[in-house]
Amino acid sequence: MHFEVWAPLTGHVAMRLDDATYAMERDPERSGWWTVEAPAGEGSRYGFLLDGDTVPRPDPRGRRLPDGPDGLSAVVDFEALVQAVAPPLPPPHTRLQDAVLYELHIGTFTPEGTFDAAAARLGHLTALGVTHVELMPVCSFPGRHGWGYDGVAPWSVHEPYGGPAGLVRFVEAAHAAGLGVVLDVVHNHLGPSGNHLPAFGPYFTDAHHTPWGAAVNLDMPGSDEVRAYLVGSALAWLRDYGIDGLRLDAVHALADGRALTFLEELSGAVDALAADSGRPLFLIAESDQCDPRTTTPRAAGGLGLHAQWNDDFHHALHCALTGESQAYYGDFAEAPLAALAKTLTRAFFHDGTWSSFRGRTHGRPVDRRRTPAHRFLGYTQTHDQIGNRALGDRLAASLSPGLLACAATVALTGPFVPMLFMGEEWGARTPWQYFTDHPDPELAEAVRTGRRREFAAHGWKAEEIPDPQDPATRDRSCLDWSEPEQAAHGRLLDWYRTLVALRRGHPDLRDPDLASVRVAHDEERRWITFRRGDVRVAVNLSPEPVTIALGRNGVRVLAAWEPLEHPGPDGRIHVPGESAVVLGP
């Protein structure tokens, strides 16, 4: 087999393969690259010795780390692996415009916390009607349990989840069930423990400061190879595992001053792979910039990503539901229904407006004539918006079933591509808390202390904050699969299924024309209604019933959280408290 590694700053490189050591030679045609041919096969363990190292380091492009990030890499034969699982199945070809995504964390979706256990629950998702599973990061990180954002090996798969073979089985099972698979990947930083990349080359730079320290090197000397490393890992997920799209974590934190940005380069490479493979691959950005250029096509001067999370929609809806006004919610809390109405029609609330949270103006307007609504994802809850709360409490911990139904109605009938967070569809009572499993005791204590210090500034006592390192914190965060069988939870689950079916069955609810959305609201009486083509949606967040004038349009009730009459001849409808209704011809 051929082995190679980029190590431009070293004077000597050797490879330890099983019990043998092989000297590597410089590649005369590629600066900084070292190569060697050696006998190896599936499962062979290997690592690299740099300038007299006595302990080999794992391959930066290694596909499997059986013993974790500090152990040796293992050879993976993908062709044999895929053939051993099942004959390759064609992935679903659902357009992003028609998608409903479901964010899922492998380690807590089931108590077992494995790909195989998650695959056994895919029938629940097909019955729900979603089209894609969005997996939180699965690349290798130290310990067994964690969110995945402290990964240190962007080409490998976390072994406790099931490693590469487990991910192949999961993707095949999802495709067999008619579900696409989206994977969350992190390019803006690597975790604080188990990161061997700095020993190999200039993967990081002190020229830029990030919340995680030195920035990933995207624009300094050596950055061509660093970009190729990250682009290559992204393409490997799509090509080798058959994954259908990637979610890019916090792209606003990518420090990149080059004329051709990394994100443009990545989107161009993914579009080329999509054209070559005939598969509709896509990239979804997480960005807090409120910048429509993120998803503007490259030919029109944008970055060319295909969609982005819309936190402004979430924040406005959250404030309308809860009345919270702390931190970034303060910008939305003064008139939350007006903020929600703006996001439903213009995508961003901050489109050049003042942000009290930031102390400056923020964002850029969306050109509604040229920007389809499916460039944005809309959601009521995400891993961040739950897990970054002190107690990891979901909306279900504080809202009535009726308000949960109202939230679902806005997200699933609104103009954006809906995304659910695992368990929200039945109002899961389990929290989703911040948990880690750092083997390094000093790092573990620093994370524990830092978390408690962070929330102490907001009035929380240290003993009230769950210990991220306590295994019980992860265990509490696992879904309770007995809940959907309970009547109270089952009713909400049925409502979600009804809304997803309505979205699938009514093209007006998937119309990408933002400019055609019409909204009316009453801040004092706490109701909002919007129109999507011939479909009307009315939501009453007040505990008191309200009467809303829809106009003389002949619509009838298609679905309602609480029983109610069709609108009268005058076009008025009486909506019970904390309830929602969808109407159509």
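Which residue in β5 is the bridge partner of Arg26? Keep that puzzle in mind as you go through the views below; they show a predicted model.

**View 1. A small puzzle in an open sheet of 3 strands.** The strands follow the order β1-β5-β4, and their pairing is antiparallel. At the edges sit β1 (2–6) and β4 (25–26), each of which pairs on one side only. Look at β4 next to β5 (residues 33–37): these two run antiparallel and are joined over 2 bridges. Here is the answer to the opening puzzle: Arg26 has Trp34 as its bridge partner in β5.

**View 2. Strand β10, enclosed by its surroundings.** Follow residues 180–185 and you have traced β10. Is this strand buried or exposed? Since 6 of its 6 residues are buried, β10 is largely enclosed by the rest of the structure. Both of its faces are covered. One side carries Gly180, Val182 and Asp184, while Val181, Leu183 and Val185 are on the other.

**View 3. Strands β9 and β10 side by side.** Now bring β9 (residues 132–135) into the picture. β9 and β10 pair in the parallel sense, over 4 bridges. To find your way between the two strands, look for Leu135, which stands opposite Leu183 in β10.

**View 4. Pro154 and the residues it touches.** Pro154 belongs to the loop between β9 and α5 (163–176). With a relative accessible area of 8%, Pro154 counts as buried, because buried means under 20%. Which residues does Pro154 touch, not counting those up to four places away in sequence? They are Cys139, Leu190, Tyr229, Ser233 and Trp237. Take Tyr229 from that list: Pro154 and Tyr229 are 75 residues apart in sequence, yet their C-alpha atoms are 8.9 Å apart in space.

**View 5. Stepping back to the whole protein, with its 16 helices and 26 strands.** Along the principal axes, the C-alpha trace spans about 85 × 55 × 50 Å. The radius of gyration is 25 Å, which agrees with the value near 25 Å for a compact globule of 585 residues. Buried residues account for 59% of the 585. Of the contacts between residues at least 6 apart in sequence, 69% join residues at least 24 apart. The protein exposes about 22,500 Å², and carbon and sulfur atoms supply 51% of that area. As for charge, there are 52 positive and 76 negative side chains, and the centres of the two sets are 7 Å apart.

How values were computed. Residues numbered from 1 in each chain as written. Predicted model: local features only at pLDDT ≥ 70, side-chain atom pairs only at ≥ 80, totals over all residues. Heavy atoms only, no water. Rg over C-alpha atoms; globule rule 2.2 N^0.38 Å. Buried < 20%, exposed > 50% of the residue type's maximum accessible area, 1.4 Å probe, protein only. Contact = heavy atoms within 4.5 Å. Areas by Shrake-Rupley, 256 points an atom, 1.4 Å probe, with all protein chains shown as cover. Lys, Arg positive; Asp, Glu negative; His and termini not counted. Charge placed at Lys NZ, Arg CZ, Asp CG, Glu CD. Pairing = 2+ DSSP bridges.
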